[in-house]
Amino acid sequence: MGHLTHRDLNASRERLRDQVAHALRAALISGELRPGVVYSAPTLAEDFGISATPVREAMLDLAREGLVEPVRNKGFRVTEVDERDLDQYTEIRALIEIPTVGRVTGIASREDLEALRPVAEEIVRAAREHDLIGYLEADRLFHLTLLGLAGNERLVETVGDLRKRSRLYGLTALDRSGDLVPSAEEHLELLDLMIAGDAEGAEQCMTRHLGHVRSLWAEGKRDR
């Protein structure tokens with residue numbers, strides 16, 4: 001069959017479209033769906049074990065986000081992300097996330113920060129066990145929940161959109177080389193600094209982490 005790792009999708013009709021869109025985003029991020037390749041809704045639907053309609057609707061959602069583009073009478077082509085795009089996405093994320101982490105360090109309770117430790121540990125576990133989808137989902141949850149402690153929902157939405165648009169290509173090669181684990185462990189380091197009230201150290205850690213992520217993108221694109 002198919003292009004995608006099998007995923008069980010069990011949901012009501014209104015939720016199925018969202019679940020498919022989420023699974024497709026994960027496949028885009030992990031590189032299961034490749035840039036420049038055209039995928040048809042019926043073929044993807046066969047992988048999911050569902051009808052083509054929710055898949056087609058989910059792909060239209062992704063097209064509105066700029067992740068894919070419709071190809072008449074064929075399906076959807078995964079859009080390419082070039083080096084300039086990645087640099088710009090990283091710059092915007094740095095402008096938002098670095099000062100926000102410093103601010104959250106000063107206002108978040110220890111309990112709220114400690115609640116993120118299982119998520120940070122899950123990121124490390126997933127990296128060590130080569131669970132790329134689990135890694136990406138836990139990483140997204142960690143970063144967006146952490147930013148959410150600043151109390152600005154629009155900020156969280158903006159970073160969430162940037163993360164989707166700058167999906168991490170080439171994770172399979174990075175996983176094989178072991179380069180993903182050090183990036184995963186930076187989440188625990190960041191959390192420890194914030195719990196200790198070290199806002200400056202937390203900002204420096206986030207700066208390093210985003211730089212590391214950018215280098216992972218570059219490596220992933222070279223390995224494609």
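In this predicted model, helix 4 and helix 8 cross in a left-handed way. Helix 4 covers residues 83-107 and helix 8 covers residues 153-165, and the two pack at an angle of about 145° with their axes 10 Å apart. On the helix 4 side, the contact is built from Y89, I92, R93, I96, E97 and T100, while helix 8 brings in L155, T158, V159, L162, R163 and R165. Sorted by class, this contact has six nonpolar, two polar and four charged residues.

Next comes the pairing of helix 6 with helix 7. Helix 6 takes up residues 117-128 and helix 7 residues 132-148; they pack at about 160°, and their axes are 8 Å apart. That angle is over 145 degrees, so helix 6 counts as roughly antiparallel to helix 7. The crossing here is left-handed. From helix 6, the residues taking part are V119, A120, E122, I123, A126 and A127, and they meet G134, Y135, A138, D139, L141 and F142 of helix 7. In terms of class, the contact of helix 6 with helix 7 comes out as nine nonpolar residues, one polar and two charged.

Helix 2 and helix 3 make another packed pair. Helix 2 runs over residues 41-48, and it packs against helix 3 at an angle of about 115°, again with a stated axis distance, 8 Å. The crossing of helix 2 past helix 3 is right-handed. A41, P42, L44, A45 and F48 are the helix 2 residues in this contact, and they meet A52, V55, R56 and M59 of helix 3. Eight of the residues in the contact of helix 2 with helix 3 are nonpolar and one is charged, with no polar ones.

Just ahead of helix 2 sits S40, in the loop that links strand 1 to helix 2. Setting aside neighbours within four places in sequence, S40 is in contact with K74 and G75. S40 can also be placed relative to M59: the two are 19 residues apart in sequence, and their C-alpha atoms are 9.6 Å apart in space. M59 itself is one of the helix 3 residues that helix 2 meets.

The strands come together in one place. Three of them form an open sheet with the order 1-3-2 and antiparallel pairing. Strand 1 (38-39) and strand 2 (68-71) are at the edges and have a single partner strand each, so each has one side without a neighbour in the sheet. Strand 3 covers residues 75-78 and runs antiparallel to strand 2, with four bridges joining the two. Within this pairing, E69 has R77 of strand 3 as its bridge partner. Helix 3, residues 52-64, packs on the sheet and touches both strand 2 and strand 3; the direction of helix 3 makes about 120° with that of strand 2.

Strand 2 and strand 3 also form a hairpin, with three residues between the strands. One residue in that turn, N73, has a positive phi of about 65°. On the other side of the pairing scheme, strand 1 and strand 3 are joined in the antiparallel sense by two bridges. Here Y39 stands opposite F76 of strand 3.

Further along the chain, D198 lies in the loop between helix 10 (180-195) and helix 11 (199-223). With a relative accessibility of 32%, D198 counts as partly exposed. Apart from its neighbours within four places in sequence, D198 is in contact with T105 and L193. T105 falls within the residue range of helix 4, and L193 within that of helix 10. D198 and G106 are 92 residues apart in sequence, yet their C-alpha atoms are 8.6 Å apart in space.

Stepping back to the whole chain, the protein has eleven helices and three strands. Along the sequence they follow the pattern α-β-α-α-β-β-α-α-α-α-α-α-α-α. The protein has 224 residues, and 50% of them count as buried. Among contacts with a separation of 6 or more, 73% are between residues 24 or more positions apart.

Definitions and conventions:
Residues are numbered from 1 along each chain as its sequence is written. This is a predicted model: local features need pLDDT of at least 70, side-chain atom pairs count only at pLDDT 80 or more; totals for chains, interfaces and linings use all residues. Side-chain values use heavy atoms; hydrogens and water are left out. Axes are lines fitted to C-alpha atoms, for helices over the stretch in contact, and angles run from 0 to 180 degrees between N-to-C directions. Angles under 35 degrees count as roughly parallel, over 145 as roughly antiparallel, 65 to 115 as roughly perpendicular and the rest as oblique. A crossing is left-handed if the near helix is turned anticlockwise from the far one by less than a right angle, and right-handed if clockwise. Contact means heavy atoms within 4.5 Å. Ala, Val, Leu, Ile, Met, Phe, Trp, Tyr, Cys and Pro count as nonpolar, Asp, Glu, Lys and Arg as charged, and the others, Gly among them, as polar. Two strands pair if DSSP finds at least two bridges between them. Buried means under 20% relative accessible area, exposed over 50%, partly exposed in between (1.4 Å probe, protein chains only).
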